[in-house]
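Me: I am new to this one and would like to go through it with you. Could you show me the sequence and the structure, and then take my questions?

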Amino acid sequence: MELDGRVVVVTGGTRGVGAGIARSFLEAGAHVVVCARRPPPHPVPATGSTAGRTAEFAALDLRDTAAVHAFFAGVGHRYGRLDCLVNNAGGTPYRLLGEGGAERHARVVGLNLVAPMTASLAAYPQLREAHGSVVMIGSVSGTRPSPGSAAYGAAKAGLENLARTMAVEWAPEVRVNTLVLGMVRTEAAHLHYGDEAGIAAVGATVPLGRLAEPAGVGAAAVFLASGRAGYVSGASLLVHGGGERPAFLDAATVNTVNKES
């Protein structure tokens, strides 16, 4: 297998995108440990030729620095190595800047920027020894205005910059890259986009005509962690289906006139 025997930690890997990433690493042959504050309703399983293998779960609050260091020490004691850390945990509620105080927005920044930095620093000694890698899970919200999730967008922008700096400071022993995600269809997609018709309508705004699937994100993460990406560090891989169509193209009249003529 591509990552046979490697040890991978996926933060927030119990559901949604994180579970898809964990499943992809399992299917590539890795030993996978997922951590989150609450356990998943069911173990994260592999499918296909590796069916029967599941990710190990560990309860962890990434905002507790001492607990994070103890967790990674435990991974090293159990497996004797750590080859890849995927900083996936994060998220935000919809909240306009004026609707929440600074403390609420700061908590979003803490979860999406400070927590990945804390985990990376705790994992660094083991990753350096294994000549491993870090994969940050970024967002297009960090590359454009993000109304309704300003703190989240700012944190994701900072995360991408942090990854590039880590890639310089930790080279050549540790590679660090970012997956910049667009919209992903998870079990919670209806909370963001509505019913199936709404999800289809939102997907139609993406150049590829659909939302991403967690398995597709997982495949990209496996690539960055594998030897095939051995010379890739400090990179941002866009996994957004081609991006977003600029609104001015639909508002401009010149294209309509040209088509009619």
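Me: Where is Asp195 found?

Reply: Asp195 is in the loop between helix 5 (189–193) and helix 6 (196–203). Please keep in mind that this is a predicted model.

Me: Why is Asp195 called exposed and not buried?

Reply: A residue counts as exposed when its relative accessible area is over 50%. Asp195 has a relative accessible area of 52%, so it is exposed. If you would like a sense of its place in the fold, compare it with Pro45: the two are 150 residues apart in sequence and 27 Å apart in space, C-alpha to C-alpha.

Me: What makes Ser233 partly exposed?

Reply: The label belongs to values between the two cut-offs, 20% for buried and 50% for exposed. Ser233 has a relative accessible area of 35%, so partly exposed is the right name. You will find Ser233 in the loop between helix 7 (214–225) and strand 7 (236–239).

Me: Which residues is Ser233 in contact with, leaving aside its neighbours within four places in sequence?

Reply: Ser233 is in contact with Ala167, Val174, Arg175, Val176 and Asn177. Here contact means heavy atoms within 4.5 Å. As for Val135, 98 residues away along the chain, its C-alpha atom is separated from that of Ser233 by 9.8 Å.

Me: How do you know whether Thr178 is buried or exposed?

Reply: Buried means under 20% relative accessible area. Thr178 has 1%, so it is buried. This residue is in strand 6, and its contacts beyond four places in sequence are Met136, Gly138, Glu160, Ala163, Ala235, Ser236 and Leu237.

Me: What about Lys156: is it buried or exposed?

Reply: Lys156 has 4% relative accessibility; this is under the 20% cut-off, so Lys156 counts as buried. Lys156 is in helix 4. Leaving aside neighbours within four places in sequence, it is in contact with Asn112, Ile137, Gly138, Ser139 and Gly142. Thr143 is 13 residues from Lys156 in sequence, and their C-alpha atoms are 8.2 Å apart in space.

Me: What is unusual-looking about the phi of His131, and where is this residue?

Reply: Phi of His131 is near 50°, a positive value in a residue other than glycine. His131 is in the loop between helix 3 and strand 5 (133–139). Its relative accessibility is 54%, over the 50% cut-off, so His131 counts as exposed.

Me: Which residues does a cis peptide bond join?

Reply: Ala171 and Pro172, with omega at about 0°. Pro172 is found in the loop between helix 4 and strand 6 (175–181).

Me: How many cavities of 30 Å³ or more does a search of the whole structure find?

Reply: The search finds 1. About 50 Å³ of space lies in the largest cavity. In general, rolling a probe the size of a water molecule over the atoms shows where empty space is left.

Me: Which residues line the largest cavity?

Reply: The lining is made of Thr92, Pro93, Arg95, His105, Val108, Gly148, Ser149, Ala150, Ala151 and Tyr152. They divide into 5 nonpolar, 4 polar and 1 charged. Helix 3 (102–130) and helix 4 (150–169) each supply at least two of them, and helix 4 gives the largest share, 3 residues.

Me: Is Val108, one of the lining residues, buried or exposed?

Reply: Val108 has 8% relative accessibility, under the 20% cut-off, so it counts as buried. Val108 is in helix 3 and touches Gly91, Thr92, Ala151 and Tyr152, not counting residues up to four places away in sequence. The C-alpha atoms of Val108 and Ala151 are separated by 6.2 Å, although the two are 43 residues apart along the chain.

Me: How many helices and strands does the chain have, and why is it called as compact as a globular protein of that length?

Reply: The chain has 9 helices and 7 strands. Its radius of gyration is 19 Å, close to the 18 Å that the globule rule gives for 261 residues, so the description fits. Along its principal axes the C-alpha trace spans about 70 × 45 × 40 Å. Of the 261 residues, 45% count as buried.

Definitions and conventions
Residues numbered from 1 in each chain as written. Predicted model: local features only at pLDDT ≥ 70, side-chain atom pairs only at ≥ 80, totals over all residues. Heavy atoms only, no water. 1 Å grid on protein atoms, 1.4 Å probe; cavity = no way out; pocket = protein on both sides within 12 Å on 5 of 7 lines; lining within 4 Å. Points joined across faces, edges and corners; volume = space filled by probe spheres on them. Helix = DSSP H or I, 4+ residues; strand = E, 2+ residues; numbered from the N terminus. Nonpolar A, V, L, I, M, F, W, Y, C, P; charged D, E, K, R; others polar. Rg over C-alpha atoms; globule rule 2.2 N^0.38 Å. Buried < 20%, exposed > 50% of the residue type's maximum accessible area, 1.4 Å probe, protein only.
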